[in-house]
Structure formats: C-alpha cells, structure tokens
Amino acid sequence: MTFLLLTAVSPALGCFGPKLYFGVSPGPEAEILYQLCALYVKEKTGTESVRVDVATGEGLALLGDDKLDLVLVEGSDGEEDLLRLAPFPALRAGKRPRDDLQFTTVLPALHKLAGLLRREDVAALLARVAAGEASAAAARAFLTDRGWI
C-alpha cells in the first residue's frame, strides 16, 4: 500500500535544476542577445534562465544587489563584460555564476559563445526579427545552423 502511495505522488515531485535570473532591458538588441545566451547556456550546461524584465539603466543595480545573475547592460565600459559586441548591450555576471559551484560551467560556456559570436551575426538576426521572425526561433535556427548547439 505504501508503495502505491509513493509511486502515485512521485510524478508530481519533479527534479528542478539551478536557474539563472537574467535581466533583459527593453529593445530588440537585448532580446536577441538574451535568446542567444539563454539558449546556448541551456544547451551547453543544462542550466535554465528565468527572464527578468528590467528598466533601462536598472540592471547593474539589481546585479549589485544580487537580484540578478546575468544582465545585459547598455553603454558598458567593457571592464567586466562577458560578451561585448558594441554597439549592442554587453553581458555581465553577478556573484552566483562566478562563485556558486552549481554554475561552474556557465561562465566558460558564455566565454566560448563570446568568442564565436560576431557583431554581424547579431545584426543579421535583428534583421530577421524585424522582418517578422520570432526572436527565440531566429536564435535557435542561427545556433543550430552554425552547429554551436
């Protein structure tokens, strides 16, 4: 009887992995970069991202208060950027991706993406989104076509 109760309850108790809280400011540039980074990290590390919409200029304060793990920053000075393709928003990481053991594969994955991705790639993706393609679909197709995921 106990076995039946445990097996009946266990499907409802899922196993959830770590999640990154990813700050995204308004605008198509931040949106496509978020889609690229979140999908790449998920495919390479198994870590999911939770999108957090932030007002322009608010992301760094939230990152400093440990309310975000990653954020796309407008007008970055480039000092601590993980990914920077000017004039597009730059990507920065907070404490958890840098110090928490459950995220040890996230920053190397983002560094690899930063080495692969070019400004022209982002501009081409923005053109596809402006033509009506969904940003998530465009990002997935781009990463798949390149063989990066």
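**Notes on a predicted α/β model**

1. D66 is partly exposed, with a relative accessible area of 44%. This residue sits in the loop between α3 (59-64) and β3. Its backbone deserves a look: although D66 is not a glycine, its phi is positive, at about 60 degrees. Please keep in mind while reading that this is a predicted model.

2. Now for the overall layout. The protein has 7 helices and 4 strands, and along the sequence they run α-β-α-β-α-β-β-α-α-α-α. Of the 149 residues, 40% are buried. Taking contacts between residues at least 6 apart in sequence, 65% join residues at least 24 apart. The exposed surface comes to about 8,200 Å², with carbon and sulfur atoms supplying 56% of it.

3. Which residues of the largest nonpolar core touch the most other members? They are L91, L110 and L117, in a core of 36 residues. At least two residues of this core come from each of β1, α2, β3, β4, α5, α6 (119-130) and α7. The biggest share is that of α2, which gives 10 residues.

4. L91 is a good place to start exploring that core. Not counting residues up to four places away in sequence, L91 touches F22, C37, L70, V71, L72, E80, D81, L82, L83 and L110. There is also a second, separate core, made of 6 residues, among them L62, L68, V71 and V73.

5. V71 belongs to strand β3, and it is buried, with a relative accessible area of 0%. Leaving aside neighbours within four places in sequence, V71 is in contact with G23, G59, L63, A90, L91 and R92. The pair V71 and G23 is worth displaying: 48 residues separate them in sequence, yet their C-alpha atoms are 4.4 Å apart.

6. Helix α5 (residues 106-116) has V106, L107, A109, L110 and L113 among its residues, and these five are buried. Viewed down the helix axis, the buried residues of α5 fall within an arc of 155 degrees, so they line one face of the helix. As general background, an α-helix has 3.6 residues a turn, so residues three or four places apart point the same way. The cover over the buried residues of α5 includes β1 (19-24), α2 (28-45), β3 (70-73), β4 (90-93), α4 (95-99) and α7 (135-145). L110 appears here as a buried residue of α5, and it was also listed above among the core residues that touch the most other members.

7. How do α2 and α6 pack against each other? Their axes are 10 Å apart and make an angle of about 110 degrees; the two helices are therefore roughly perpendicular to each other. On the α2 side, P28, E29, I32, L33 and L36 take part, and they meet V122, L125, L126 and V129 in α6.

8. In α7, the buried residues are S135, A138, A139, F142 and L143. Seen down the axis of α7, they fall within an arc of 125 degrees, so they line one face of the helix. Their cover includes α2, α5 and α6. After α7 comes G147, which has a positive phi, near 75 degrees.

9. Is Q35 buried or exposed? Q35 lies in helix α2 and is buried, with a relative accessible area of 16%. Apart from neighbours within four places in sequence, Q35 is in contact with S135, A136 and A139. Two of these partners, S135 and A139, are listed among the buried residues of α7.

10. Two loop positions remain. E58 is in the loop between β2 (48-53) and α3, and at 35% relative accessibility it counts as partly exposed. E58 and V73 are 15 residues apart in sequence, with their C-alpha atoms 9.0 Å apart in space. In the loop between β3 and β4 you will find P87; the peptide bond from A86 to P87 is cis, with omega near 15 degrees.

Methods: Residues numbered from 1 in each chain as written. Predicted model: local features only at pLDDT ≥ 70, side-chain atom pairs only at ≥ 80, totals over all residues. Heavy atoms only, no water. Buried < 20%, exposed > 50% of the residue type's maximum accessible area, 1.4 Å probe, protein only. Arc of directions from axis to C-beta. Contact = heavy atoms within 4.5 Å. Core = buried A, V, L, I, M, F, W, Y, C linked by side-chain atoms within 4.5 Å. Areas by Shrake-Rupley, 256 points an atom, 1.4 Å probe, with all protein chains shown as cover. Axes fitted to C-alpha atoms, helices over the stretch in contact; angles between N-to-C directions. Parallel < 35°, antiparallel > 145°, perpendicular 65-115°, else oblique.
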